[in-house]
Every structure is written in C-alpha cells, then in structure tokens.
Amino acid sequence: MAQTGHIDINTYDFSLVPSLNKNRFITLAKGKFVEKKEKLIFLGNSGTGKTYLSIALGIEMVYHCFCTGKGITNG
C-alpha cells in the first residue's frame with residue numbers, strides 16, 4: 001500500500017479490506033485496549049495496510065497520552 005504524507009487513521013482507505021470494520025478500528029484508536037493491557041495482532045495479505053494502520057494507531061495513542069516504556073502515562 002503506497003501512501004505518502006501524514007499517516008492518519010482517517011486517511012486509510014478501509015475499502016481495501018472489506019472485512020476490516022472501520023468503526024471497530026476507530027474505537028480501538030480511543031485506547032481502551034491499552035488501559036486493559038490487551039494486545040493487537042495485525043494479520044493480512046501483503047499491501048493491505050497492516051504497517052500503515054499500526055503506525056496510525058500508535059500515533060493515536062500518543063495523541064491520547066499513552067506512551068511506551070514502563071507503563072501508561074495517563075493511567
């Protein structure tokens with residue numbers, strides 16, 4: 001998936017993977033899975049946006065003040 005510019009969940013073309021539920025992914029972007037210490041696994045064919053979405057999700061976690069390291073910074 002060739003993307004240029006700013007990586008953002010809102011710029012991902014969810015029609016590339018019809019089985020990916022956009023609303024569920026947007027809900028994940030709120031960070032509840034981090035608070036619950038749940039893990040995510042991205043599975044799919046080459047070029048479907050796994051790396052793009054994982055980076056976009058990481059950026060969202062920073063926007064919501066979640067950080068990597070010893071723990072959650074806002075919890």
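# Burial, contacts and the pocket in a three-helix chain

User: Is glycine 58 buried, exposed or partly exposed?
Analyst: The relative accessible area of glycine 58 is 32%. Buried means under 20%, exposed over 50%, and partly exposed in between, with a 1.4 Å probe and protein chains only. Therefore glycine 58 counts as partly exposed.

User: What kind of model is this, and what pLDDT do local features need?
Analyst: Residues are numbered from 1 along each chain as its sequence is written, and side-chain values use heavy atoms, with hydrogens and water left out. The model is predicted; side-chain atom pairs count only at pLDDT 80 or more, totals for chains, interfaces and linings use all residues, and local features need a pLDDT of at least 70.

User: Which pattern does the protein chain follow along the sequence?
Analyst: Helices (H or I, at least four residues) and strands (E, at least two) are DSSP runs, numbered from the N terminus. The chain has three helices and zero strands. Read along the sequence, the pattern is α-α-α.

User: What percentage of the residues of the protein chain count as buried?
Analyst: The chain has 75 residues. The share of them that counts as buried is 24%.

User: Which element gives the most residues to the largest nonpolar core?
Analyst: A nonpolar core is a set of buried Ala, Val, Leu, Ile, Met, Phe, Trp, Tyr and Cys residues joined through side-chain atoms within 4.5 Å. The largest one has 14 residues, of which Ile9, Tyr12, Phe14, Phe25, Leu57 and Met61 touch the most other members. Two elements, α2 and α3, give two or more residues to this core. With five residues, the top contributor is α3.

User: How are the rings of tyrosine 12 and phenylalanine 14 arranged: stacked, tilted or edge-to-face?
Analyst: Rings of Phe, Tyr and Trp (its six-membered ring) pair if their centres lie within 6.5 Å; planes under 30 degrees apart count as stacked, over 60 as edge-to-face and the rest as tilted. The whole structure holds four aromatic pairs. In one of them, the centres of the Tyr12 and Phe14 rings are 4.9 Å apart. Their planes meet at 85°, so the pair is edge-to-face.

User: Are tyrosine 12 and phenylalanine 14 buried or exposed, and which residues do ring pairs link into a cluster?
Analyst: Tyrosine 12 is buried at 5% relative accessible area, and phenylalanine 14 is buried at 10%. The cluster linked by ring pairs consists of Tyr12, Phe14, Phe25, Phe42 and Tyr52.

User: What volume does the largest pocket have?
Analyst: The search uses a 1 Å grid over the protein atoms alone. A pocket is an open set of points where a 1.4 Å probe fits, with protein on both sides within 12 Å along at least five of seven lines. Grid points are joined across faces, edges and corners, and a volume is the space filled by probe spheres set on the points. For the largest pocket, this is about 350 Å³.

User: Which helix supplies the largest share of the lining of the largest pocket?
Analyst: Lining residues have an atom within 4 Å of a point. There are 18 of them, and Leu20, Phe25, Ile41, Phe42 and Leu43 lie nearest the pocket centre. Helices α1 (22-28) and α3 (50-63) each supply at least two lining residues. The largest share, three residues, comes from α1.

User: How many residues in that lining are charged?
Analyst: Ala, Val, Leu, Ile, Met, Phe, Trp, Tyr, Cys and Pro count as nonpolar, Asp, Glu, Lys and Arg as charged, and the others, Gly among them, as polar. The lining has 10 nonpolar and six polar residues. The number of charged residues is two.

User: Which residues form the salt bridge?
Analyst: A salt bridge is a side-chain nitrogen of Lys or Arg within 4 Å of a carboxyl oxygen of Asp or Glu. The whole structure has one. Its partners are three residues apart in helix α2 (residues 32-35), about one helical turn. At 3.5 Å, N to O, they are glutamate 35 and lysine 32.

User: What is the relative accessible area of lysine 37?
Analyst: Lysine 37 lies in the loop between α2 and α3. Its phi is near 60°, a positive value in a residue other than glycine. Lysine 37 is exposed, with a relative accessible area of 69%.

User: How far apart are the C-alpha atoms of phenylalanine 66 and glutamate 35?
Analyst: Phenylalanine 66 lies in the segment after α3 and is buried at 5% relative accessible area. Glutamate 35 is partly exposed at 44%. The two are 31 residues apart along the chain, and their C-alpha atoms are separated by 8.9 Å.
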